Amino acid sequence: NVINSPEILELQTPTLTYNSIKSYQHSPIDLDNSPAFMDITPKTRKFVLQLIDMPSPVKTTKPINTTLIKSPTKLTLKNNILQEKLNRLRRLLKQKRTIIKSLKTKINNNTKKDINIVTKFFNQAQFPSINSKALINMQIMHKKRKPWSKAEKKLALAIYYKSPSTYKYMKKNGIILPGESTVRHWLNSINYTTGFPPKYMEQIKNKTLDMSYDEKKCVILLDEVSIMKAIEYNKSLDEIEGFEDLGSLGRTNKLGSHALVLMVRGLYKNWKFPFSYYFTGSGIKGDSLTTIVKEAVGKLLELSLLPTCIVCDQGTQNRRMFSLLGGSDKNPSTVICNKKIFLIYDAPHLLKSVRNNLMNGDFLIDNNIISFKDIQKTYELDSHSETAKAMCKLTPIHIFPNSFQKMSCKLAIQLFSRSVSAAIKTCVSTGQLTSSSAIHTAEFIDIMNDMFDTCNSKNLYDLNPNRRPLCDTNTANFRNLEKARTIFQKAVKISKKNKKSSIPPCFVGIIWTTTALVELFQSEKYDYGRSQTKKEYFLLTNRLTQDALENFFSIMRQKNGYNRNPTARIFRCCFSQICSYSLMQCSSNCNCEPDDGEFLTMDVLKNVPVETTPHEQNEETLVYNINSDTDDESSTSADRDDFILEDTIDTLESCSTVYFAGYLAKKCIDMFSCSKCISDLIIRENNLNDKSQLLILYKTYDHIEQTQGLKSPSIHLINITKICLNVFQNLFFKIRCGKQIIEKLKEKSIKEINLKCPDSINSICKIHLNYILDILFRTQIFKQCKWENSKVRDKHYQNAAKLRVLQNE
């Protein structure tokens, strides 16, 4: 019906019903008659037909189990089956667990066995040092969260102390080391203040409990070192560091410019430790130093140690302290806390003072003049030698030192040596040195050399008896001390400027020290005889020098590479770290000899040990970059005419050549022990009457037997040595920038020897001759490099470098 208007609109209920369809059956589709299917391509039509023919998915429904268990017997049966299956699985699981446990036990046993093998290897292996063993142990044995051993901590601290950047580089490259924060925590846990900190004293007491009576005997060393004037705030101490701080004597408003250090070392055993330090404004006063020394002796006695002597240099404050303590050159001892203490001046510093006074004036001893001009003249003669030199170790800085080089004890000791004395005597004998004071100067140098050897004995057995310890059987040492004391009791200095005579403090210091050494020996010998009656007593005098303290300052300057002018804060940190760990060894360029004492370090951290590291020495290297052409031409007839072997005039240079030939003969004989070489290289009589052998005569000690020391070289070896030295002088500067230097020199020398003296080359074994030439040219190259370096040094540049350091003070 058509609805024409809305008025007739009404809502109707739908009557359509839906029947449930249980299955769907699709009627076939007639695509061929479909209008849309007519327009598609045959290929598409084929695809659609294949798609229609594919079966349609049928919806599957899960079947419902309509079986009902109506009997309890069936339920029980099923339960039993499940229970049996459960028990079977439990037994299987237990078996598997047993197998796993046995495998784990086997693995653990194998692991323990491997660990024991590795541990046994580490215990039996010969490592170069404890640090190398600790480093390998960290890389192989260390596990996470495992505590670091004592040796590992010590090595890590030493590396970090030397260079934090190197420590970071090693960590970055996968080397197993403790973390940086851990190392910094170890370092920051130590806090040493001026004076005598109670905790530090307690640690020292724990270290000395097990010492014997002789081991407790010790020496007190004291000296000052310059520091940079600077103030820095320490938040942990809540104070500003850098002001004058004298410990129990209080602090002042002055800026600290020096640090006073007291060190204690064993008199008979190789132990040492820094005892205390103080900061002073402009050098400590004698009165304050006396108070500090008395306090230090009292503290040592409280720690059950037995101080026997005090060693220092001859500074004004030290002389004032010895005077206040009641010492004198006739009685160099005092009594502190009912303990007799001997007062000794450091022997190397005394030699340095004598050298400086000799440069400023002449010495008058029994109407005999001792002049530094004789040393200068001999050095000039030796420096003009083109082939061999008698004073190889002397350089211009020994003769013309600046104000800083005058502070070097090493230069002074090398100047007062037997080589210098022998060179002066040789020049006098050859007529090159006509000064009336030359022979007295040489004898004075011999006395100073023998006295220093006696005051610096380190080994029980030494080829030179002057360097053996003080003992009753070695009377030469007491004669050396007595001879030095006698001449300085008569010695007077005559100034070059005003010609006035005076007695320098170093003269009194030598009288003082020689007397103190003899009295100390007698006192200790008496004390030793009461407990040890079977063994002979001896005293190593090197323990009575400041070498240990100078090496301590050298270690201090190595902080973070090189720090020669530390601040008060840096000095405190270095002092505490060295006290606790003995982190470093002294430099080879320090102002003294390396001492053999081991740091008696404190276990502030319970598992941090301190062990000494063997000191390693670096080999010398040669570097040259000067271009020149080689000269392969043979010598001319004029050269052969100038080379006269038999009729040469005896000079210091010719005597040095003969001495060098004797040295080569001794090296060859000691190396090969060839009977033919013994007969051809040396003169068996060894009477040394030839004038060309004067240097050998003067450098030979009186105690040396004919079977020892240098020998008198044969004429064949002298000829070979002279030819080789001339070849070196003419050819070296032309080929020094090239390679195979020694081979070229040997080739040229053999040609010259065959040309000038063929009999000489045929008298020596070829293999041994090659060895002699190697030593000869190698020694000359090393010495030539040293002499060239001493010539090219700019003194003005050195002074400017020192002045730049002083500007920071």
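Q: Why is the meeting of the Asn-466 and Asn-480 side chains called a polar contact?
A: The side chains of Asn-466 and Asn-480 come to 2.9 Å. A polar contact is a pair of N or O atoms within 3.5 Å (within protein, one must be able to donate a hydrogen and the other to accept it, and residues adjacent in sequence count only if both atoms are side-chain atoms), so 2.9 Å lies within the limit. Please keep in mind that this is a predicted model, where local features need pLDDT of at least 70, side-chain atom pairs count only at pLDDT 80 or more, and totals for chains, interfaces and linings use all residues. Residues are numbered from 1 along each chain as its sequence is written, and side-chain values use heavy atoms, with hydrogens and water left out.

Q: What makes Asn-466 count as buried?
A: Its relative accessibility is 8%. Buried means under 20% relative accessible area, exposed over 50%, and partly exposed in between (1.4 Å probe, protein chains only), so Asn-466 is buried. Asn-466 sits in the loop between helix 15 and helix 16; helices (H or I, at least four residues) and strands (E, at least two) are DSSP runs, numbered from the N terminus.

Q: Which residues does Asn-466 touch, not counting those up to four places away in sequence?
A: They are Asp-450, Asp-453, Thr-454, Ala-476, Asn-477, Asn-480 and Tyr-701, where contact means heavy atoms within 4.5 Å.

Q: Why are Phe-363 and Phe-444 called an edge-to-face pair?
A: Among the 28 aromatic pairs that a search of the whole structure finds, this one has ring centres 5.9 Å apart and planes at 75°. Rings of Phe, Tyr and Trp (its six-membered ring) pair if their centres lie within 6.5 Å, with planes under 30 degrees apart counted as stacked, over 60 as edge-to-face and the rest as tilted. The value of 75° is over 60, so the pair is edge-to-face.

Q: Where in the chain do Phe-363 and Phe-444 lie?
A: Phe-363 belongs to strand 11 (residues 361–365) and Phe-444 to helix 15 (residues 438–454), so many positions that the two are 81 residues apart. Both rings belong to buried residues.

Q: Which residues do ring pairs link into a cluster?
A: The cluster holds Tyr-192, Tyr-200, Tyr-277, Phe-279, Phe-552, Phe-553, Phe-571 and Phe-575.

Q: How do you know that strand 11 and strand 13 are paired?
A: 4 bridges join strand 11 to strand 13 (residues 492–495), and two strands pair if DSSP finds at least two bridges between them. The two therefore pair, and they run antiparallel. Phe-363 stands opposite Lys-493 of strand 13.

Q: What makes strand 12 and strand 14 the edges?
A: The open sheet has 4 strands in the order 12-11-13-14, with antiparallel pairing. Strand 12 (368–370) and strand 14 (501–502) each have a single partner strand, so one side of each lacks a neighbour in the sheet.

Q: Why is the pair Arg-572 and Glu-241 called a salt bridge?
A: The distance from N to O is 2.4 Å. A salt bridge is a side-chain nitrogen of Lys or Arg within 4 Å of a carboxyl oxygen of Asp or Glu, so this pair qualifies. By this rule the count comes to 19. Arg-572 lies in helix 19 (residues 568–581) and Glu-241 in strand 3 (residues 239–241), so the bridge ties together parts 331 residues apart in sequence. Arg-572, at 10%, is buried, and Glu-241, at 5%, is buried too.

Q: Why does Arg-251 count as partly exposed?
A: Its relative accessibility is 38%, between the limits for buried and exposed, so Arg-251 is partly exposed. Its side chain meets Asp-245 in a salt bridge (3.3 Å, N to O), and Asp-245 is buried at 9%.

Q: What makes the phi of Lys-499 stand out?
A: Phi is near 60°, a positive value in a residue other than glycine. Most residues other than glycine have a negative phi. Lys-499 is in the loop between strand 13 and strand 14, and is exposed at 61%. Ser-673 also has a positive phi, of about 55°, although it is not a glycine. Ser-673 lies in the loop between helix 21 (652–672) and helix 22 (675–681) and counts as exposed at 55%.
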